[in-house]
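This report covers one protein chain and its side-chain and helix packing. The sequence and the structure are shown first.

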Amino acid sequence: MTGNNRFTLTMICFGLVIAASVLIKQSASSEQNEPKPELTVQDYAQMNVAVEDVLKEMPEITEELERIHLGHIEDEIEELLSVTKAEFRIRVENNLTKQEHSTEFMRAMAEKETGRYVDALRVAKEEYGIRVAEEEVTEFIKKNVAIVRSKEKKNYAEALGLTLYQLDYQFDRDFYVMDVLWEKLMPIVTKNYPKQDGESEQAYGERAKEEFFSQAAESN
């Protein structure tokens, strides 16, 4: 994937977290079944407003931002996978798309998704000997993320009170932990879960990852 698409993918991740609720085995609710509008460039132009609103609702994110300003970096990869940041992103997207998901629902989604990522890292290490090193994440960001300079990204960083460096290498670092993991895991995942006849590459990639997530959850 080119660097020019990386920030777009990061923003789409807000939507993917919401969409992933369909795959989470929870009791059905009107919140889960409600269709989610597509985000547009105009929506992202309002990013600073959405971020400011959510920051008022989540003072714990302010604490996270203060840690970044103080230069604190987590020592363990697993510590990067923050439920708080996952919930923050879901709330921002909820705000941008004018959805009516409850606080409890968004928190539950954040906890579920973060747990899935932690399980994936654990299974990758225990069953396949695959680990994600801090240096690998830093290198991935350098090659694929930091090179992106866009107005939307700049606005997002400013709304958080961060520099672009702090946004890429610290605040959004957890996104890229999973990118590095999938790069290392996909040869194994595709071998374990072969492509089906007529399945597109995108559909196959998504299904293979979900198969792995299911495996990781069952082994927990």
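In this predicted model, Lys 85 lies over the face of Phe 171, 5.1 Å from the ring centre. A charge counts as over a ring if NZ of Lys or CZ of Arg is within 6 Å of the ring centre and within 35 degrees of the ring normal. Arg 89 lies over the face of Phe 175 in the same sense, at 4.1 Å from the ring centre.

Because the model is predicted, local features need pLDDT of at least 70 and side-chain atom pairs count only at pLDDT 80 or more, while totals for chains, interfaces and linings use all residues. Residues are numbered from 1 along each chain as its sequence is written, and side-chain values use heavy atoms, with hydrogens and water left out.

The chain has 13 helices and 0 strands. Helices (H or I, at least four residues) and strands (E, at least two) are DSSP runs, numbered from the N terminus. Of the 220 residues, 47% count as buried, where buried means under 20% relative accessible area, exposed over 50% and partly exposed in between, with a 1.4 Å probe and protein chains only. The accessible surface comes to about 11,700 Å², and 51% of that belongs to carbon and sulfur atoms; the areas come from the Shrake-Rupley method with a 1.4 Å probe. For contacts (heavy atoms within 4.5 Å), residues 24 or more positions apart account for 74% of those with a separation of 6 or more.

Phe 171 also belongs to the buried residues of helix 11. Helix 11 is mostly covered, with 6 of its 8 residues buried. Those residues are Gln 166, Leu 167, Asp 168, Tyr 169, Gln 170 and Phe 171. They pack against helix 5 (59–69), helix 7 (83–96), helix 9 (134–144), helix 10 (151–160) and helix 12.

Helix 11 (residues 164–171) and helix 12 (residues 173–192) pack at an angle of about 50°, with their axes 6 Å apart. Axes are lines fitted to C-alpha atoms, for helices over the stretch in contact, and angles run from 0 to 180 degrees between N-to-C directions. The two helices are therefore oblique to each other; angles under 35 degrees count as roughly parallel, over 145 as roughly antiparallel, 65 to 115 as roughly perpendicular and the rest as oblique. At this junction Asp 168, Tyr 169, Gln 170 and Phe 171 in helix 11 meet Arg 173, Asp 174 and Tyr 176 in helix 12.

A search of the whole structure finds 8 aromatic pairs. One of them, Tyr 128 with Phe 212, is tilted, at 6.5 Å centre to centre and 40° between the planes. Rings of Phe, Tyr and Trp (its six-membered ring) pair if their centres lie within 6.5 Å; planes under 30 degrees apart count as stacked, over 60 as edge-to-face and the rest as tilted. Tyr 128 is in helix 8 (residues 103–128) and Phe 212 in helix 13 (residues 201–218), so the pair ties together parts 84 residues apart in sequence. Tyr 128 is partly exposed at 26% relative accessible area, whereas Phe 212 is buried at 1%. Both rings belong to one aromatic cluster with Tyr 117, Trp 182 and Phe 213.

Two C-alpha separations across the chain are listed below.

| Residues | Sequence separation | C-alpha distance |
|---|---|---|
| Gln 46 and Tyr 156 | 110 residues | 9.5 Å |
| Ser 214 and Asp 119 | 95 residues | 9.6 Å |

Gln 46 sits in the loop between helix 3 (41–45) and helix 4 (47–57) and is partly exposed at 45% relative accessibility. Ser 214 lies in helix 13 and is partly exposed at 37%.
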